[in-house]
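User: I'd like to learn how to read a chain-chain contact and a strand in a sheet. Can you walk me through it?

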Amino acid sequence: MHELAVTQRVLEIALRHAQTADAIRITRIHLVVGQLATIVDDSVQFYWDLIAQDTIAQGAQLTFERRPATMRCLACGETFTLSGQSDFRCPHCGDPDVVVAGGDELQIDHIEIETAELAAP
Amino acid sequence: MTTRIPIVERILQANDDLADQVRQRLDAAHLLGLNVMASPGAGKTTLIQATVDRLRESLRIGYIDGDITTTLDAERVAAYGLPVVQINTGGDCHLDAAMLSPALDELTLTDLDLLIVENVGNLICPANFRLGTHLSVLVASVPEGDDKPFKYPGMFRGVDVILLNKIDLLPYIPFDVDRFLHGVRVLNPGLATFQVSALHGDGMDAWTAWLMDRVAAKRP
């Protein structure tokens, strides 16, 4: 349910950048979300539809680029995903000496906008 | 036709900026701030009470309680005669820096050595929102099971110290301490861990001695 707070920040950031670029409409917002950020896409979309109303971001498409949580084995160098891991051991050599290598991301990568000149018929 | 604008901005950057301001206020007052997080029922409030009970003769402690609607926890801690501030989040599942900042206005920070912030009981949401406190403390408890680091990796990523509470129940509940600690260390290499029973006092001296050292390091 923290998705509401996250979605509000997404809207603020998108509107701020759109204003700087003289946008009349935001058509897409591309998010990068790591598995360890524990964000539910559908929940963000639900709140988005409510809070983007009556802004230039209304109707903008949210796209989610999911990054899996990955781990790296310090013994053999193997990189593997967290999914299905119940004991944090290297699936290649079995060593328990592993570290998290990715999956913490929670950021807006880019937005797509329409400006007045471009939108004119 | 549309124009693509690269942004690459962290979504919670605004909260992080506010958290930095909170940190500056705490540092200016030379006090240590704790953000205590856990699932509901892990024993956060009992642990805070036991900590306060051991330290109140030597430290000036303030307490801020984040809860959805009630003041039950705040009343338990207020019984120790500390300055207490209640934040009711009105349904929000976590505290953030914007909620903590006005609560700090209710305290005279320069009159405190240690500020304990008790977050909303939840093992998912609080992890994303930095408060600006110095140490994030996760209270895990034996009845929750030894699989929690594997099931809630996000929560175990960003904390500085883990207190495994209710160790007096280890004889009665299947809980592999080594498995739990392995999961914790993979997600968060180098963090401090203590095994305690807040209710009966086991391990509490080691935890409070460690905490006293951290408080002392903040003094000018």
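**Reading the contact and the strand**

Analyst: Sure, and keep in mind that this is a predicted model. Start with who touches whom: 29 residues of chain B are in contact with 36 residues of chain A.

User: Which element gives the largest share of the side of chain B that touches chain A?

Analyst: That's β1(B), with 8 residues. Elements giving two or more residues to this side are β1 (3-10), α6 and α7 of chain B. Sorted by class, the side has 16 nonpolar, 7 polar and 6 charged residues.

User: How many bridges join strand β6 of chain A to β1(B)?

Analyst: 6 bridges, and the two strands run antiparallel. To find the register, look for A:E112, which stands opposite B:R4.

User: Now β7(B). Are its residues buried or exposed?

Analyst: Check the neighbours around each residue, then the side each one points to. In β7(B) (residues 161-165), 5 of 5 residues are buried. B:V161, B:L163 and B:N165 point one way, while B:I162 and B:L164 point the other.

User: Which strands are joined to β7(B)?

Analyst: β6(B) (residues 135-141) is joined to β7(B) by 5 bridges, and β8(B) (residues 192-195) by 4; both pairings are parallel. B:L164 makes a handy marker: its partner in β6(B) is B:A140, and it stands opposite B:Q195 in β8(B). From β7(B) the chain crosses through helix α7(B) (residues 177-187) to β8(B), a right-handed β-α-β crossover.

User: What covers the buried residues of α7(B)?

Analyst: The cover includes β5 (98-102) of chain A, along with α5, α6, β7 and β8 of chain B. Among the buried residues of this helix are B:F180, B:V184 and B:L187.

How values were computed
Residues numbered from 1 in each chain as written. Chains lettered and ligands numbered in written order. Predicted model: local features only at pLDDT ≥ 70, side-chain atom pairs only at ≥ 80, totals over all residues. Buried ≥ 20, exposed ≤ 12 C-beta atoms within 10 Å, placed from the backbone. Pairing = 2+ DSSP bridges. Right-handed = clockwise from strand over helix to strand, strands pointing away. Contact = placed C-beta atoms within 7 Å. Nonpolar A, V, L, I, M, F, W, Y, C, P; charged D, E, K, R; others polar.
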